[in-house]
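Reader: Could you take me through the sheet in this one, slowly, and what packs against it? I'd like one connected tour rather than a list.

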Amino acid sequence: MSDRLVEIFEDEKLVEKIKRRLPYLFQLAELESSRAGRTGMEVGSVRERIIVALLIYKFGEANVETEIPITEPEVDAKLFGEPVSIKTITGKSFGGVKLIWTVDVQKAKEFRENYYPNCDILLIQINWNDVGGFYYIPLKVQKRLFDRIGRQNYIKLPKPGTNPRGVEITKEALSSLVGDSESKSISINWKRTKIEFNPYKRWVDLWRED
């Protein structure tokens with residue numbers, strides 16, 4: 001497994017840029033995905049594109065594969081041919097991060113029985129008006145913890161009768177992964193900035209073109 005993702009965290013100029021730019025870009029993502037003051041589900045896809053764009057910016061377009069087949073539900077991009085999963089979470093807690101999105105109870109159970117970590121994770125913890133982080137969790141760290149605590153303690157199934165739309169990694173497991181000595185992190189101060197945003201302007205401008 002490639003450790004190229006570590007280079008992001010060792011590049012001091014890029015680390016400073018991430019600290020400065022990521023809250024602004026994620027705020028833009030929320031504005032783009034909002035309607036009547038409510039952020040829509042599509043914000044997740046926009047955030048993912050922002051992080052993939054960061055990989056392209058750092059490593060070059062030729063080294064980042066973005067056309068990932070639907071048969072690889074956990075993989076969001078490939079960096080130098082190696083799969084990367086991008087996950088975001090909002091708030092102080094490390095609970096609620098999805099391993100797979102499904103409303104089917106049987107599929108969720110099958111997923112837990114067959115799951116084994118298979119790609120590096122980039123995790124972004126959004127914590128507006130407070131401190132969050134940008135984390136790299138290597139595949140070897142995930143495998144080591146999974147082998148140690150077992151799938152029952154690593155994976156949380158949806159509660160029967162609820163509709164949480166996915167199978168999660170347990171809060172305890174994710175906290176352990178983030179705190180592992182081989183994982184990397186950038187502390188981010190999630191401050192909002194004043195943005196004048198018009199969701200229609202870009203499209204109106206395009207209509208104006210000949």
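Author: Here's a walk through the sheet, its turns and loops, and what sits against it.

A quick word on the ground rules: this is a predicted model, so local features need pLDDT of at least 70 and side-chain atom pairs count only at pLDDT 80 or more, while totals for chains, interfaces and linings use all residues. Residues are numbered from 1 along each chain as its sequence is written, and side-chain values use heavy atoms, with hydrogens and water left out.

Okay, the sheet. It's an open one of 6 strands in the order β3-β4-β5-β7-β8-β11, with mixed pairing. β3 (64-65) and β11 are the edge strands, each with a single partner, so one side of each has no neighbour in the sheet. Strands here are DSSP runs of E, at least two residues, and helices are runs of H or I, at least four, numbered from the N terminus; two strands pair if DSSP finds at least two bridges between them.

Now go across it. β4 (residues 77-79) runs antiparallel to β5 (residues 82-90), joined by 3 bridges, with Leu-79 opposite Glu-82. Those two strands make a hairpin with 2 residues between them. Phe-80 sits in that turn with a positive phi of about 50°, although it is not a glycine. At 32% relative accessibility Phe-80 is partly exposed (buried means under 20% relative accessible area, exposed over 50%, partly exposed in between, with a 1.4 Å probe and protein chains only).

Next, β5 pairs with β7 (residues 120-126) in the parallel sense over 7 bridges, and Thr-88 has Ile-124 as its bridge partner. In the loop from β7 to β8 you'll find Asn-129, another non-glycine with a positive phi, near 65°. Asn-129 is exposed, with a relative accessible area of 62%. β8 and β11 then pair antiparallel over 6 bridges, with Val-131 opposite Asn-189 in β11.

So what packs on it? Helix α2 lies across β5, β7, β8 and β11, at about 55° to β11, while α7 (residues 171-179) lies across β7 and β8, at about 80° to β8. Those angles run from 0 to 180 degrees between N-to-C directions, using axes fitted to C-alpha atoms, for helices over the stretch in contact.

The largest nonpolar core has 32 residues, and Ile-18, Leu-22, Phe-26, Leu-122, Ile-124 and Phe-134 are among those with the most contacts inside it. (A nonpolar core is a set of buried Ala, Val, Leu, Ile, Met, Phe, Trp, Tyr and Cys residues joined through side-chain atoms within 4.5 Å.) Its largest share, 8 residues, comes from α3. Ile-124 is a nice spot to zoom in: beyond its neighbours within four places in sequence, its contacts (heavy atoms within 4.5 Å) include Leu-22, Phe-26, Ile-51, Ile-86 and Trp-190.

Finally, have a look at Pro-138, in the loop between β8 and α5 (139-149). Pro-138 is buried, with a relative accessible area of 3%. Not counting residues up to four places away in sequence, Pro-138 touches Asp-120, Glu-182 and Ser-183. The C-alpha atoms of Pro-138 and Asp-3 are separated by 7.8 Å, though the two are 135 residues apart along the chain.
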